Amino acid sequence: MSKRLFPALAASVAVLACAGGARAADAPKPLRVLVYDVAYSSTTVRREHTSGFSNSASGIGTGSGSIDRRFGSDDRGTLTVAVIAATADGGLVVDASFVGKSITQPVIRVAISKDGSLSYDPKTQPSAQALRLLPFLSRGLIAERDVNTGSTWSVQALAGAAGATTYRVTAFDGTRATLEFDESITVKGGSGFTQSAQGKTVYATDLLSPISIDLHTVIRHDVSIDLADTTDSRLSATMVSDTFAKH
């Protein structure tokens, strides 16, 4: 999650040059394959300010002159991440796919920068499950950090945003670190938003990958003067297999 916004500004419009523009279907044999069991839920409340009370069947009227409309999704499935390349600047190129009970997404190529930001073809946006989990695979997440119990550090948001993510190491046994984190970020402007996130990950420091993740994210976006969206999402992920893991 280091120096990034997830998920709202975690993606740029171009895949890293090392991906070479090749289609995911043409990928070489993976260097590593990680599989996660992922549960994900999301609820968006769209609040529209009105001139008075409303009994609209499509929304819940309030006496304060606003209407709330709710949209939600809830799914559980398997996220597979095949590492295709590791770059000299600390990045990774992966092919990610998700198979859930209600959503299935075929392989999509994603570049994960060392700072945790994501790059992919905007025409084929990864699933919400992938967008939340993939930044935790960044090779710079704990790079050059003291991960002994009690350690804490903060990472500033990317340029154009204000805020930071604070990490705390609550347990460490030599190869497994439990990290708790708290993020607060604000982006101003026409497409601005505020984002807060809290959670915990059990992280394999020897393999640079999360064993489990629990993440709660709230994003508020003012669409217009009279319209605002608040999205509340939760992710719970547990590693099922890793070809790098020792057996």
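This is a short tutorial dialogue on reading a predicted protein model.

Colleague: Where should I start: how many helices and strands does the protein have?

Modeller: Start with the elements. This protein has one helix and 13 strands. Along the sequence the order is β-β-β-β-β-β-β-α-β-β-β-β-β-β.

Colleague: Which strands pair with strand S13?

Modeller: Look for the bridges between strands. S13 (residues 227-242) pairs with strand S2 (residues 32-49) over 15 bridges, in the antiparallel sense. You can find Glu48 with its bridge partner Leu227 in S13. Strand S12 (residues 209-224) also runs antiparallel to S13, and 12 bridges join them. There, Ser212 stands opposite Thr238.

Colleague: And how many residues link S12 to S13 in the hairpin?

Modeller: Two residues make that connection.

Colleague: Next, the interior. Which residues touch the most other members of the largest nonpolar core?

Modeller: The general idea is that in soluble globular proteins, nonpolar side chains tend to be buried together. Here the largest nonpolar core has 39 residues, and Val38, Val94, Leu133, Leu134 and Leu137 touch the most other members. Take Val94: leaving aside residues up to four places away in sequence, Val94 touches Val81, Ala82, Val83, Ile84, Ile108, Arg109, Val110, Ile112 and Leu134. Another core, of six residues, lies apart from the largest one, and includes Ala157, Ala161, Ile185 and Phe193.

Colleague: What share of the protein counts as buried?

Modeller: Of its 247 residues, 45% do. As for the outside, the accessible surface is about 12100 Å², and carbon and sulfur atoms hold 53% of that.

Colleague: How many aromatic pairs are there, and how do I read one?

Modeller: A pair of aromatic rings is described by the distance of the centres and the angle of the planes. A search of the whole structure finds two such pairs. In one, the rings of Phe136 and Phe181 have centres 5.7 Å apart and planes at 50°, so this pair is tilted. Phe136 sits in the loop between helix H1 (128-133) and strand S8 (152-156), while Phe181 belongs to strand S10 (residues 176-187), so the pair ties together parts that are 45 residues apart in sequence. Phe136 is buried at a relative accessible area of 1%, and Phe181 is buried at 2%.

Colleague: Then is the pair of Trp153 and Tyr167 tilted or stacked?

Modeller: Their ring centres are 5.4 Å apart and the planes meet at 20°, so that pair is stacked. Trp153 lies in S8 and Tyr167 in strand S9 (residues 162-172), so the pair ties together parts 14 residues apart in sequence. Both Trp153 and Tyr167 are buried.

Methods
Residues numbered from 1 in each chain as written. Predicted model: local features only at pLDDT ≥ 70, side-chain atom pairs only at ≥ 80, totals over all residues. Heavy atoms only, no water. Core = buried A, V, L, I, M, F, W, Y, C linked by side-chain atoms within 4.5 Å. Buried < 20%, exposed > 50% of the residue type's maximum accessible area, 1.4 Å probe, protein only. Contact = heavy atoms within 4.5 Å. Helix = DSSP H or I, 4+ residues; strand = E, 2+ residues; numbered from the N terminus. Areas by Shrake-Rupley, 256 points an atom, 1.4 Å probe, with all protein chains shown as cover. Pairing = 2+ DSSP bridges. Phe/Tyr/Trp six-rings, centres within 6.5 Å; stacked < 30°, edge-to-face > 60°.
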